[in-house]
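Visitor: I should like to learn how to read the enclosed and open spaces of a protein model, and then its nonpolar interior. May we begin with the pockets?

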Amino acid sequence: MKGPTYERVFVTVGTTQFEDLINAVNDAAVVAELRRMGCRKLVLQIGRGRDPKIVPDLYGNDIEVQFYDLKSSIAEDIEQADLVISHAGAGSCIEVLGAGKPLLVVVNETLMDNHQTELADQLFKEGHLKYCTPSTLAQTLAEGGFNRLKKFPPGSAKEFVSYLDAFMGF
């Protein structure tokens, strides 16, 4: 039986920059996995990062690629996506999970005092998302299972904020 397809994939790095994630998405192995998953449109929100070096031959004629830096809201991009690949910022995670979209979080290992791994791990243990690093993005996409993720319960954003506050010691 054929699994679900993810025709529209949205990648977000938030308001900062996360070149490692953008570069990983532009890797041949990742593009091959996206193609295998049925991706036909890839939208990259690059934040304050440099314009990605989109290699047309990498995507061919079957995957349309768009990118932008920042805009007032990414809600429409999230809503239109079949899969969201995001940095591990709490705000982005909550917005995507609240929209009921499958989420793959990519942890930025270069951040000092990085609590992203702990946040991603907790939400993974609860079954709400999958997570990886830029170097394991292709492998994690290949593993699939995004259709088996648990929906984030409605109204749980407030509880999640309380969890984050406690986690951070506020």
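Guide: A pocket is an open set of grid points with protein on both sides within 12 Å along at least five of seven lines, and its lining residues have an atom within 4 Å of a point. The model shown here is predicted.

Visitor: Which residues lie nearest the centre of the largest pocket?

Guide: They are V13, G14, T15, T16 and H87, out of 20 residues that line this pocket. The space within the largest pocket is about 320 Å³.

Visitor: How does the lining of the largest pocket divide by class?

Guide: The division is 12 polar, 6 nonpolar and 2 charged residues.

Visitor: What is the volume of the second largest pocket, and how is its lining composed?

Guide: Its volume is about 230 Å³. Of the 15 residues that line the second largest pocket, G3, P4, Y6, R36 and M37 lie nearest its centre. By class, this lining holds 6 nonpolar, 5 polar and 4 charged residues. Helix α7 gives the most to it, with 3 residues.

Visitor: How many cavities of 30 Å³ or more are found in the whole structure?

Guide: In a cavity, unlike a pocket, a 1.4 Å probe fits but cannot get out. A search of the whole structure finds 1 such cavity of 30 Å³ or more. The largest cavity encloses about 60 Å³ of space.

Visitor: Which residues line the largest cavity?

Guide: Its lining consists of R8, V9, F10, K41, V43, D77, Q80 and A81. The elements that give two or more residues to this lining are β1, β2 and α4 (75–80), and β1 gives the most, with 3 residues. By class, 4 lining residues are nonpolar, 3 are charged and 1 is polar.

Visitor: How should one read the nonpolar interior?

Guide: In soluble globular proteins, nonpolar side chains tend to be buried together. Here the largest nonpolar core has 30 residues, and V9, V11, L21, L42, I85, L137 and L141 have the most contacts inside it. Elements that give two or more residues to this core include β1 (8–12), α1 (19–25), β2 (41–45), β4 (83–87) and α7 (137–143). The most, 4 residues, come from α1.

Visitor: Leaving aside neighbours within four places in sequence, which residues are in contact with L137?

Guide: With those neighbours left aside, L137 is in contact with L21, A24, V25, V30, I85, L104, V106 and C132. Apart from the largest core lies another, of 20 residues, among them V43, A81, A88 and C93.

Key. Residues numbered from 1 in each chain as written. Predicted model: local features only at pLDDT ≥ 70, side-chain atom pairs only at ≥ 80, totals over all residues. Heavy atoms only, no water. Core = buried A, V, L, I, M, F, W, Y, C linked by side-chain atoms within 4.5 Å. Buried < 20%, exposed > 50% of the residue type's maximum accessible area, 1.4 Å probe, protein only. Contact = heavy atoms within 4.5 Å. Points joined across faces, edges and corners; volume = space filled by probe spheres on them. Nonpolar A, V, L, I, M, F, W, Y, C, P; charged D, E, K, R; others polar.
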